[in-house]
Amino acid sequence: MNDLAIHLTDGNGKHLYEQIYEYIADEIREGKLLAGEKLPSTRSLAEYLQVARSTVELAYGQLQSEGYIESIPYKGYFICRVEELYRLGPAENRGNGNVGHGSRDPGNESHGSGDPGNSRQGNGGPAGQADGWRNGRREGRFAIDFSPNAIDMDLFPFGIWRRITREILSGDRKELFALGEPRGDLELRKTVCRYLHASRGVNASPEQIIVGAGNDYLLLLLQYILGRQITAAFENPSYRRAFRIFSSFAAKTVTVPSDEGGIRVDGLLASGADVAYVMPSRQFPTGTVMPIGRRTELLRWAAGSPGRYLVEDDYDSEFRYRGKPVPSLQSADAAGRVIYIGTFSKSVAPAIRISFMVLPERLLEAYEKNCGFFSSTVSRIDQTVLNEFILSGAFERHLNRMRKAYREKHDLLLDCLQPLLGRYRLSGEYAGLHVLLTSREPAREEELLGRAADCGVRIYGLKEAALAPLQTECATVLLGYGGLDAEKIKEGTRRLDRVL
């Protein structure tokens, strides 16, 4: 192809490699550079633009790390398919991103000291919290832990987060040390609104968003918004922590049968439930994606009685590796019956402790009356840092880097599991941070966990997420890959192949 017509300038405060990166990324997003098209070599583009070759290499490196382009040995750089890449805001909001300030790895600056093995571990089930997965035999340390809750903290852009924090604290921002709004700072709520609409199709105003320190806090607010006389329904298995929280205040919690489409509406009707807790974009732990027909049935069920609501936990929708993103259930809710909950624990870091809840307009009065006087549980400094992280474009780049890295781990894990697929059935792939293996012959889950533990590998049983006894003769185990590097994935699957 011809050299790119990039106009570089020294007067806009951006590094030259940032300008090259942004130009190519925008051309790809807008369909002006098509999948499979070849980019100029770094040498030819550097000569054309009259810049150092290392400048072009930095720009190409950032584009490759985010999944916009790929390098094919001895052939060059080519445009990737980018239907699933994130674009969270207009270019003017991403313009001050300062991709890396000269770091050889723009998206990921130095990480500081610490145990590299632990640096990858994050907590967080659907609501951003680990929920035990306890087994006395496996409480000790393992050589390899296929935790479905771990994320790769080596991907976190520590340098960019540090710079934003330093810039915010270097000024006399006295307002950041004053008590903020109970719902969360307005600027962050506006930004979350734009992010949710762009990435998940969520329709909401900033007034409908409540920011809180983790999903636990937000779920507990529902006792004041929905009342304590509700009957809450859950699938089985499901996210046990949410079940325990609802059990702590709801008059009754029930489990409802599910099938390959998710929670069954006839079971909801029979249960007499007022509230159903669902994860339609990717159910935890089964990985089921709810089809449009079942979503329509659920929305019809919720609209069929004045007091019915759906709590949609959208815990890891950022990570899909095939096809277009699945829209949220809330995006199709015309009756105002979906309470949408999400978190930045998976997409940024567990310790950020910032989650959000989108309330239907019909529930805002109950929120104001019964719990609108509660102080915000998130530091205003943390809210401001996250807001700038998103607005600067750093969050968009970080998401795309994470998605690319997790897809590589996902694909590697699937390749390594091939020897086991004669004896086990694979499910839950192409999204999220874990897959499931189900035995094709009758087997005991505990026996499989024990065999894996004996060879130093920790895996997780589906029954550990059960809310009621699961009636099945076959065993299902979960294998998470988010917190593992390539060598541990290879070694872990080699050990599992020997013992399973």
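## A tour of the seven-stranded sheet

Start by selecting F234, which stands opposite Y277 in strand 9. This is a predicted model, in which local features need pLDDT of at least 70 and side-chain atom pairs count only at pLDDT 80 or more, while totals for chains, interfaces and linings use all residues. Residues are numbered from 1 along each chain as its sequence is written, and side-chain values use heavy atoms, leaving out hydrogens and water.

Next, select residues 231–235 and 275–278: strand 5 and strand 9 pair there in the parallel sense over three bridges. Strands here are DSSP E runs of at least two residues, helices are H or I runs of at least four, and both are numbered from the N terminus. Two strands count as paired if DSSP finds at least two bridges between them.

Widen the view to the open sheet of seven strands, with order 4-12-11-10-9-5-6 and mixed pairing. Its edge strands, strand 4 (209–212) and strand 6 (252–256), each pair on one side only. From one strand to the next the twist averages 20 degrees; axes are lines fitted to C-alpha atoms, for helices over the stretch in contact, with angles from 0 to 180 degrees between N-to-C directions.

Now select helix 7 (residues 186–200), which lies across strand 4, strand 11 (338–343) and strand 12 (355–358), at about 110 degrees to strand 4. Contact means heavy atoms within 4.5 Å.

Finish at P306, in the loop between helix 11 (292–303) and strand 10 (309–313). P306 is exposed, with a relative accessible area of 69%; exposed means over 50%, buried under 20% and partly exposed in between, using a 1.4 Å probe and protein chains only.
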